[in-house]
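Colleague: Please take a close look at one charged side chain, at what it pairs with and at what lies around it. I would then like to see how that part fits into the chain as a whole.

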Amino acid sequence: MDTLDKCVSGSEFVLVFEGSIPMGMPQACMIGGRTVESILIQAIPKAKAVIAAGTCAAYGGIPAAEGSPTSAASVKDFMVRNNMPYKERLINLPSCPTHPKSIVSALAFVAA
């Protein structure tokens with residue numbers, strides 16, 4: 001958690017997120033005693049770019065299917081619901097798993 005906190009409070013960074021976000025059941029995804037929602041609310045606005053790695057991050061995946069108690073959402077849906085701009089900041093890399101070359105290519109694109 002110290003590394004995550006230092007990164008978010010430090011200089012420019014690219015956020016790579018994998019998985020869907022359990023909007024209706026925040027306790028379903030906890031990291032260091034904090035919900036992933038609370039971490040993303042802090043990290044996304046400060047990120048130079050956001051990469052949604054995988055189908056769940058890009059589109060919600062199976063966890064976002066109708067009737068899911070988690071009400072899982074994609075990174076874009078999460079950003080929209082929290083009034084965070086996503087145009088020209090969010091890169092969706094769907095597939096499961098995301099090919100490493102796709103991730104490296106996206107990072108190179110952001111770095112250029």
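**A charged loop residue and its surroundings**

Modeller: Lys 48 is partly exposed, with a relative accessible area of 37%, a value that lies between the limits for buried (under 20%) and exposed (over 50%), taken with a 1.4 Å probe on protein chains only. This is a predicted model, in which local features need pLDDT of at least 70 and side-chain atom pairs count only at pLDDT 80 or more, while totals for chains, interfaces and linings use all residues. Residues are numbered from 1 along each chain as its sequence is written, and side-chain values use heavy atoms, with hydrogens and water left out.

The partner of Lys 48 is Glu 12, and the closest N and O atoms of this salt bridge are 3.9 Å apart (a side-chain nitrogen of Lys or Arg within 4 Å of a carboxyl oxygen of Asp or Glu). The pair ties together distant parts of the chain, 36 residues apart: Lys 48 lies in the loop between helix H2 (36-43) and E5, and Glu 12 in the loop between H1 and E1. Helices (H or I, at least four residues) and strands (E, at least two) are DSSP runs numbered from the N terminus. Glu 12 counts as exposed, because its relative accessibility is 60%.

The strands that follow these two loops also meet each other, since E1 and strand E5 (residues 49-53) pair in the parallel sense over five bridges (pairing needs at least two DSSP bridges). One link within this pair joins Val 14 to its bridge partner in E5, Ala 49. Both strands belong to an open sheet of three strands, which has the order E1-E5-E7 and parallel pairing. Strand E1 (14-18) and strand E7 (90-93) stand at the edges with a single partner strand each, so one side of each has no neighbour in the sheet.

A second positive residue touches Lys 48, namely Arg 89, whose contacts (heavy atoms within 4.5 Å) also include Ile 44, Pro 45, Ala 47, Ala 49, Val 50 and Met 79, leaving aside residues up to four places away in sequence. Arg 89 sits in the loop between helix H4 (75-81) and E7. Arg 89 is buried yet has no salt bridge, and the nearest side chain of opposite charge, that of Glu 88, is 9.4 Å away; in this count Lys and Arg are positive and Asp and Glu negative, without His and the chain ends.

The whole structure holds two salt bridges. One of them is described above, and another joins Asp 5 to Arg 34, with the closest N and O atoms 3.1 Å apart. Here too distant parts of the chain are linked, with Asp 5 in helix H1 (residues 2-9) and Arg 34 in strand E4 (residues 34-35), 29 residues apart. Asp 5 is partly exposed at a relative accessible area of 27%, and Arg 34 is also partly exposed, at 26%.

As for the chain as a whole, it contains five helices and seven strands, arranged along the sequence in the pattern α-β-β-β-β-α-β-α-β-α-β-α. The C-alpha trace spans about 40 × 30 × 25 Å along its principal axes, and 36% of the 112 residues count as buried. Among contacts between residues at least 6 apart in sequence, 68% join residues at least 24 apart.
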